[in-house]
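Biologist: Please take me closely through the largest pocket of this model, and then set beside it the largest of the enclosed spaces.

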Amino acid sequence: MKEYQLYINGGYQDASSGKLADDLNPWTGEVYAKVQQANKADAAVALDCAQEAFESWKNVGPTERESILLKAADLFAQRTAELKEILIEEQGATLLKAGYETHHAPTFLRSMAGECRRVTGETYLSDYPGVKSYSIRRPLGIVLAISPFNFPLLLSLRKIGWALASGNCVILKPSEVTPVIGLKIAELFTEAGLPDGVLNVLPAEGKDLGDVLIADPRVKKVTFTGSTKVGRAIAETCAKYGTKITLEMGGKNPLIVLNDADVDYAVNTAAFSNFMNQGQICMTGSRVIVEAGVYDEFVTKFTEKVKNIKYGNPREPGVVVGPLIRSTQTDFIQTQVDLAVEEGAKLLAGGRGENSVYLPTLLADVTQEMSIFSTECFGPVASVIKANDFDDAIAIANNSEYGLSAAILTNDLQKSMAAVECIESGMVHVNGPSVRDEPVVPFGGMKNSGLGREGGKFSIEEFTELKWVTIQTGQQQYPF
């Protein structure tokens, strides 16, 4: 069994605490690795190293940054098998899901490399005679990146890559249940030529390090992906210290099926949107809102689809639903499903756990008054809600504290365009799944689903300070 240290200043270092945590395999429940845990003293060392590295890294030209990110992309592509193995062992990823993350990681990194040359400002016309007015962007300094367990490779890279492209240094605090993939990311970046101290990784419980890092004035930005509860707490701490923040939090996302949609395609879209990665995705379309005219047909076909989704050992080809990250999540989901049935929902598939797996589950006749309508399960549970018509479907979709992703399936152009305008969500997908991501898009939500956007030029804006500059040619005439 391998033991992992902290990753500080370009290499592995022992934690000063001497504390070890078990990194469990979600499928077997066995210990996959032991990981040293960082404390305040380790955080102080990482901050010192990152600040020292920033003094030179902020002035490194785009060609060198681009070269490092492109080399990293090549390394991530070459080490696909190793990265897949970590994702399966540590996160319980199925072959399908592990393949998705490792396939897209190099693509994201190459896109990030392209942004190195797009840290741009603007020029402005001035009413003052002889004044040249323009803006420039400069890196912030140290970025604290807090990544989640569900896509620990891709979502860590989403934070790290653009921060590096715009000249920042990064301290990554990976999820406490998936720390090894975060350490492996740093290892590969060092191999790609990233200078020492520019990327540091501190495995730890969030409560042990979060406030300490945010309170340090050298941390200029926090980028967080995770639950709404934790995100709001981090936002409060950032507000206390005046630290910039980007949040990508929870979702109870709507997937609307209108009467004119292709029902078979809608069923397949809903299945992908709900059961990829065991439903442990913030964009999961767990509120399937179906117009009355096709409701019965959709429910019948969706039930058959869900009953035939393969579940079990994540290493088995064809398995879609593997283990949940921890057994406590199974208990939470079971409580929600049981309550929904008590409140009148019809359980048509699944509804129980088998060891570390919660079976693909379908609930029909869910209403807006039921707890499961508004509570994020973060598991393989789809709820189907009947809508009277298009307007009712939009109203149901917007009846949520969340606003991350949404999808609508229709062949009516006018209704699809109206939905795009009316749905209260940071992302809306027409005739596609609610689960969708690309490197250059403005990824993020509204309401209790997030603050700010990540991706391409939007991340560059988030990770830089915009500075207005004027140059007076000649001499300005003053009124006194």
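Modeller: On a 1 Å grid over the protein atoms alone, a cavity is a set of points where a 1.4 Å probe fits but cannot get out, whereas a pocket is an open set with protein on both sides within 12 Å along at least five of seven lines, and lining residues have an atom within 4 Å of a point. A volume is the space filled by probe spheres set on the points, which are joined across faces, edges and corners. The model is predicted, so that local features need pLDDT of at least 70 and side-chain atom pairs count only at pLDDT 80 or more, while totals for chains, interfaces and linings use all residues. Residues are numbered from 1 along each chain as its sequence is written, and side-chain values use heavy atoms, without hydrogens or water.

The largest pocket has a volume of about 1100 Å³. Its lining consists of 40 residues, and those closest to the centre are Phe149, Glu176, Gly226, Ser227 and Val230. Two or more lining residues come from each of β8 (142-146), α7 (206-215), β11 (219-225), α8 (228-241) and α11 (327-342), where helices (H or I, at least four residues) and strands (E, at least two) are DSSP runs numbered from the N terminus. Among these elements, α7 gives the largest share of the lining, with 7 residues. Sorted by class, the pocket lining has 20 nonpolar, 13 polar and 7 charged residues; here Ala, Val, Leu, Ile, Met, Phe, Trp, Tyr, Cys and Pro count as nonpolar, Asp, Glu, Lys and Arg as charged, and the others, Gly among them, as polar.

Turning to the enclosed spaces, the structure holds 3 cavities of 30 Å³ or more, and the largest of them contains about 140 Å³ of space. Of the 15 residues that line the largest cavity, Phe151, Leu155, Ile281, Met283 and Asp437 lie nearest its centre. The lining of this cavity divides into 11 nonpolar residues, 1 polar and 3 charged.

As for the setting of both spaces, the chain has 15 helices and 25 strands. Its C-alpha trace spans about 75 × 65 × 40 Å along the principal axes, and buried residues (under 20% relative accessible area, with a 1.4 Å probe and protein chains only) make up 56% of the 480 residues.

Two backbone details can be added. Asn355, in the loop between β16 (353-354) and β17 (357-358), has a positive phi of about 55° although it is not a glycine. Phe378, in the loop between α12 (371-374) and β19 (381-387), also has a positive phi, near 55°.

Terms used: Buried means under 20% relative accessible area, exposed over 50%, partly exposed in between (1.4 Å probe, protein chains only).
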